[in-house]
Amino acid sequence: MTGGSPLHLALPHGDGRRVLVTGATGYVGGRLIPELLAAGFTVRAMARNTDDLADRPWFDAVETVQADLQQVDQTAEAMRDVHTVVFLVHSMGGGGDFIARERRIAETAAAAAGRSGVAQMIYLGGLHPDKPLEELSDHMRSREQVTRVLLESPIPTLVFEAGIIIGSGSVSFEMIRHLSERLPVMTGPSWLNNRIEPIAVRDVLYYLAQACALQDPVDRTFDIGCGTAQPFRSMLTDYAEVAGLAPRRVHPLPMPAQRLSGFWIGLVTPIPRSIAMPLAASLAHDAVCEETDIAELIPAPPGGLTDYREACRRAIDRQRTGTVTQTWDDDLRTSPTYDPADPLPSDPDWAGCTVFTDLRERDGDAPPEAVWHVVQSIGGANGWYSTPRLWRIRGLLDKLLGGYGLDRGRRDPDRLRVDDYVDWWRVEAVEEGCSVTLRAEMRSGGRAWLQFRVDARDDGGTCLRQRAVFIPSGLLGRAYWGAIKPFHALVFPTMAENILAAAEEQERLRAADELRS
């Protein structure tokens with residue numbers, strides 16, 4: 001992969017230096033790799049499953065390595081012949097002992113780097129006040145703990161400590177965007193008055209890329225931000241102004257209410273409660289740069305750092321044009337605490353399992369390519385082509401239980417790729433022009449999939465096969481299927497029929513346009 005910076009950043013000269021990017025499937029890692037390639041670095045992308053990288057436009061231009069950061073031998077092999085390791089793995093609010101797990105992973109990475117002769121490690125940590133560890137939120141405490149592990153290791157480590165990262169698809173931007181767009185008047189906890197210094201994702205990428213080209217190893221932390229701190233409440237009102245919304249009114253209350261506000265963020269935004277809760281807890285601290293020493297090592301980008309309003313403006317433009325390549329959801333799947341459901345088993349593998357299915361087959365007059373176009377654009381703003389009120393009720397129930405609901409929408413409105421999210425579904429498999437399998441990530445008491453298959457009929461029309469599959473977990477899962485089955489009788493037949501009707505209508509409009517032209 002050659003050419004200039006995809007984000008038009010001022011890049012260093014990589015001169016072929018080999019850089020390993022861990023968390024290559026994540027939000028920052030996936031955006032950093034094309035910048036490093038444009039700078040001339042030799043890039044090795046590390047993932048627990050390299051198949052997750054196969055559809056990235058830079059896949060053929062990088063070295064890929066499959067490794068688990070919890071395994072020293074695998075990690076050391078991944079770091080062989082590497083000069084710089086960019087460590088971008090975080091537990092996005094993972095449950096259980098994620099703080100201890102992140103510490104073990106950092107210790108493993110440091111030991112592997114020492115064994116492999118790595119010259120420099122770079123870590124993206126979190127900006128936080130200078131307080132004892134026990135006074136920080138779990139999320140911030142975990143990141144500070146990783147920082148200390150890496151700095152105490154024999155490998156020189158450059159740590160960037162950043163606060164809220166603003167960019168299309170970042171978790172902080174999505175929180176701000178949804179709160180501002182959905183709530184014209186907000187009352188909230190006292191931390192709305194806390195001072196925050198955000199940073200644009202493009203500036204984070206600039207610092208990371210420049211750090212990879214430093215001639216001499218560096219072993220210390222640097223605060224990075226946009227240069228201006230502001231109360232979090234003004235970030236909400238500023239976003240509304242940049243987005244062209246009516247003025248927003250934000251009224252902080254004299255109480256922290258971290259757990260309640262985390263629950264509220266999870267309900268109002270696409271961010272699930274497992275991430276919203278630690279995010280709200282972290283906002284209970286000021287996050288302001290306390291030193292600007294980075295300017296002595298890496299000068300600010302030409303034209304200066306991106307201010308908050310400009311960062312929002314750029315993120316909004318990318319959202320509106322549908323060019324969001326990576327999102328916060330990618331970080332969730334990169335996290336070592338992420339535990340994806342097993343792929344849909346083939347039918348023979350179901351032997352001995354309780355499996356409930358709902359199969360619908362409908363014929364239509366539209367050609368297969370027209371039906372496929374509708375299937376591929378399902379969900380998000382286009383909806384699910386049946387009983388929208390029932391879908392909204394189920395989405396609200398999922399949100400109350402800590403799930404995604406229907407708020408996540410889609411990454412790309414017109415195209416599906418493996419691992420994309422579609423509301424509470426995840427794309428598990430795509431056979432272009434023919435079939436797609438969606439895996440549910442909703443709260444249900446079992447594992448669920450929804451499949452669509454488009455086949456040409458001999459008479460020129462299309463056969464649409466739609467199948468829902470549910471494998472219950474114990475009595476709760478069986479009870480769930482029994483309760484939801486009457487609704488399936490309303491939802492699924494209408495869905496298949498409306499998909500075919502939409503395809504026929506689009507085909508009619510296309511034919512009419514051709515006649516007029």
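Is R80 buried, exposed or partly exposed? R80 counts as partly exposed, at 42% relative accessibility. Keep that residue in mind as you look through these close-ups of a predicted model.

**Close-up 1. R80 takes part in salt bridges with E77 and with D81.** The closest N and O atoms of E77 and R80 are 2.9 Å apart. For R80 and D81, the N to O distance is 3.4 Å. E77 is partly exposed, with a relative accessible area of 45%, while D81 is exposed at 53%. A search of the whole structure finds 36 salt bridges. Side chains of opposite charge can pair when their charged atoms come close.

**Close-up 2. E428 and R439 meet through their side chains in a salt bridge.** Here the N to O distance is 3.0 Å. E428 belongs to strand β16 (residues 425-431) and R439 to strand β17 (residues 435-440), so this pair ties together parts that are eleven residues apart in sequence. E428 counts as buried at 17% relative accessibility, and R439 counts as buried at 9%. Elsewhere, D55, R56, R411, R417 and D420 are joined into one network by salt bridges that share partners.

**Close-up 3. D60 sits in the loop between β2 (42-47) and β3 (63-66).** With a relative accessible area of 75%, D60 is exposed. Measuring tools in your viewer can take you from here to E77: the two residues are 17 apart in sequence and 21 Å apart in space, C-alpha to C-alpha.

**Close-up 4. Helices α5 (residues 171-182) and α7 (residues 232-242) pack against each other.** Their axes are 9 Å apart and make an angle of about 70°, so the two helices are roughly perpendicular. The crossing in which α5 passes α7 is right-handed.

**Close-up 5. Helix α1 (residues 27-39) is mostly covered.** Of its 13 residues, twelve are buried, including Y27, R31, E35 and A39. G40 follows α1 and has a positive phi, near 100°.

**Close-up 6. Helix α9 (residues 273-282) is largely enclosed by the rest of the structure, because eight of its ten residues are buried.** Among them are I275, M277, P278 and L279.

**Close-up 7. F263, L396 and L400 form a nonpolar patch on the surface.** Together they have about 260 Å² of accessible area. L396 lies in helix α14 (residues 388-400) and counts as partly exposed, at 49% relative accessibility.

How values were computed:
Residues are numbered from 1 along each chain as its sequence is written. This is a predicted model: local features need pLDDT of at least 70, side-chain atom pairs count only at pLDDT 80 or more; totals for chains, interfaces and linings use all residues. Side-chain values use heavy atoms; hydrogens and water are left out. Patches are made of residues with over 30% relative accessible area and no salt bridge: like charges are joined within 9 Å, nonpolar side chains (Val, Leu, Ile, Met, Phe, Trp, Tyr) within 5 Å. Accessible areas come from the Shrake-Rupley method with a 1.4 Å probe; for residues, only the protein chains shown count as cover. A salt bridge is a side-chain nitrogen of Lys or Arg within 4 Å of a carboxyl oxygen of Asp or Glu. Helices (H or I, at least four residues) and strands (E, at least two) are DSSP runs, numbered from the N terminus. Buried means under 20% relative accessible area, exposed over 50%, partly exposed in between (1.4 Å probe, protein chains only). Axes are lines fitted to C-alpha atoms, for helices over the stretch in contact, and angles run from 0 to 180 degrees between N-to-C directions. Angles under 35 degrees count as roughly parallel, over 145 as roughly antiparallel, 65 to 115 as roughly perpendicular and the rest as oblique. A crossing is left-handed if the near helix is turned anticlockwise from the far one by less than a right angle, and right-handed if clockwise.
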